[in-house]
Amino acid sequence: MATFSLSLGGLAIAFGVADLAETSAGVWMREWEKQGHVSNLEQWNRAFARVNLARRLNPIDADHSANLGRLMEWLFWHPEARATDYGLHRERAAELYAEAIGKRPTWGYAWAHYAENQFLLGSQDANFLLALENAIVLAPWEPGVQRKVAWIGMATWDELPDPLRMLVKESIRRSIELDSMTNELVRFAAHFEWLDELAPMLKTHAQISTLENVRRHTRLR
């Protein structure tokens, strides 16, 4: 009984240290995500080391693997890192997202990041299609997932199988219903020549005005 208690105590300490390491790195990660670039490469190295420590101390936690994947993607947000091997780091990000999915198969967030990373690697194989589908099915109302599904779906629309096209459309309809990023969706649609698909989904006066403004701006270019 004493040995069992000591084991539980050791686990609690390890998990506590893991959470502390990830929390300290999370301050920088939130800042980089908000500003859209990594401001300090030394901070990135320290953040990666801390999240990797958390992953080693608590290997069953999918969040640690996913956050390492995000950090590998974000490495190229810093100018000094862009000269390094882009493909190699994205491949590593893919491995980490796959690891997160293995730990939590029903996590739509991880599937969405895996799909996006595969697309940016230039891969639209069966794994990419499965990841995009699972992101939609497993996280239908999560705005962050909806955003990724929208731009990836529009960008790859001509290559998607018909059943997946329908799922992408339904995801975008849900985004319009939430009305939290309509302006962004219209900009995506204009960029990927998807406005004719999006237009029938827009219902409110504000949504339609946004569409008309974007179309007018596009014609004036």
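This is a short talk on the helices, pockets and a few chosen residues of one protein chain.

Hi everyone, and thanks for coming. Before anything else, please keep in mind that we are looking at a predicted model.

Let's begin with the overall layout. The chain has 11 helices and zero strands, so if you walk along the sequence you read α-α-α-α-α-α-α-α-α-α-α. There are 221 residues, and 45% of them count as buried. Now take the contacts between residues at least 6 apart in sequence: 63% of those join residues at least 24 apart.

On to the pockets, which I suspect many of you will want to find on the screen. The largest pocket holds about 270 Å³ of space. Its lining is made up of 13 residues, and the closest to the pocket centre are Glu33, Trp74, Trp77, His113 and Lys148. Which helices supply at least two residues each to that lining? They are helix H3, residues 62–74, helix H5, residues 108–120, and helix H7, residues 143–155. Sorted by class, the lining of the largest pocket has six charged residues, four nonpolar ones and three polar ones.

The second largest pocket has a volume of about 200 Å³. You can pick out its lining by eye: Glu116, Gly144, Arg147, Lys148, Trp151, Glu184 and Phe188. Two elements give two or more residues here, namely H7 and helix H9, which spans 182–191. H7 provides the largest share, with four residues. As for chemistry, four of the lining residues are charged, two are nonpolar and one is polar. If Lys148 sounds familiar, that's because we have met it already: Lys148 is among the residues closest to the centre of the largest pocket, and Lys148 also lines the second largest one.

Next, a pair of helices. Helix H6 runs over residues 126–138 and helix H8 over residues 162–178; their axes come within 10 Å and cross at roughly 35°. The crossing is left-handed. On the H6 side, the contact is made by Leu129, Leu132, Glu133, Ile136 and Val137, and on the H8 side by Leu164, Leu167, Val168, Ser171 and Arg174. What classes do these residues fall into? Seven are nonpolar, two are charged and one is polar.

Staying with H8, have a look at Ser175, which lies in that helix. Ser175 counts as buried because its relative accessible area is 1%, and the cut-off for buried is under 20%. Setting aside neighbours within four places in sequence, Ser175 is in contact with Gln146, Ser180, Met181 and Leu185.

Just ahead of H8 there is Trp157, in the loop between H7 and H8. Is Trp157 buried or exposed? It has 10% relative accessibility, so Trp157 counts as buried. Its contacts, again without neighbours within four places in sequence, are Arg165, Val168, Lys169, Trp194 and Glu197. Val168 is a name you heard a moment ago, as one of the H8 residues in the contact with H6. The C-alpha atoms of Trp157 and Phe192 are 9.0 Å apart, although 35 residues separate the two along the chain.

Let me also show you Leu96, in helix H4, residues 86–103. Its relative accessible area is 0%, so Leu96 is buried. Not counting residues up to four places away in sequence, Leu96 touches Arg55, Ser65, Leu68, Gly69 and Met72. Between the C-alpha atoms of Leu96 and Met72 the separation is 9.0 Å, and the two are 24 residues apart along the chain.

Finally, a word on backbone angles. Most residues other than glycine have a negative phi. Here are two residues with a positive one. Asp179 has a phi near 55° and is found in the loop between H8 and H9. With 41% relative accessibility, Asp179 counts as partly exposed. Glu193 has a positive phi of about 55° and is not a glycine either. You will find Glu193 in the loop between H9 and helix H10, residues 195–198. How accessible is Glu193? Its relative accessible area is 75%, so Glu193 is exposed.

That's my tour. Thanks for listening, and I'm happy to go back to any of these spots on the screen.

Conventions: Residues numbered from 1 in each chain as written. Predicted model: local features only at pLDDT ≥ 70, side-chain atom pairs only at ≥ 80, totals over all residues. Heavy atoms only, no water. 1 Å grid on protein atoms, 1.4 Å probe; cavity = no way out; pocket = protein on both sides within 12 Å on 5 of 7 lines; lining within 4 Å. Points joined across faces, edges and corners; volume = space filled by probe spheres on them. Nonpolar A, V, L, I, M, F, W, Y, C, P; charged D, E, K, R; others polar. Axes fitted to C-alpha atoms, helices over the stretch in contact; angles between N-to-C directions. Left-handed = near helix turned anticlockwise from the far one by under 90°. Contact = heavy atoms within 4.5 Å. Buried < 20%, exposed > 50% of the residue type's maximum accessible area, 1.4 Å probe, protein only.
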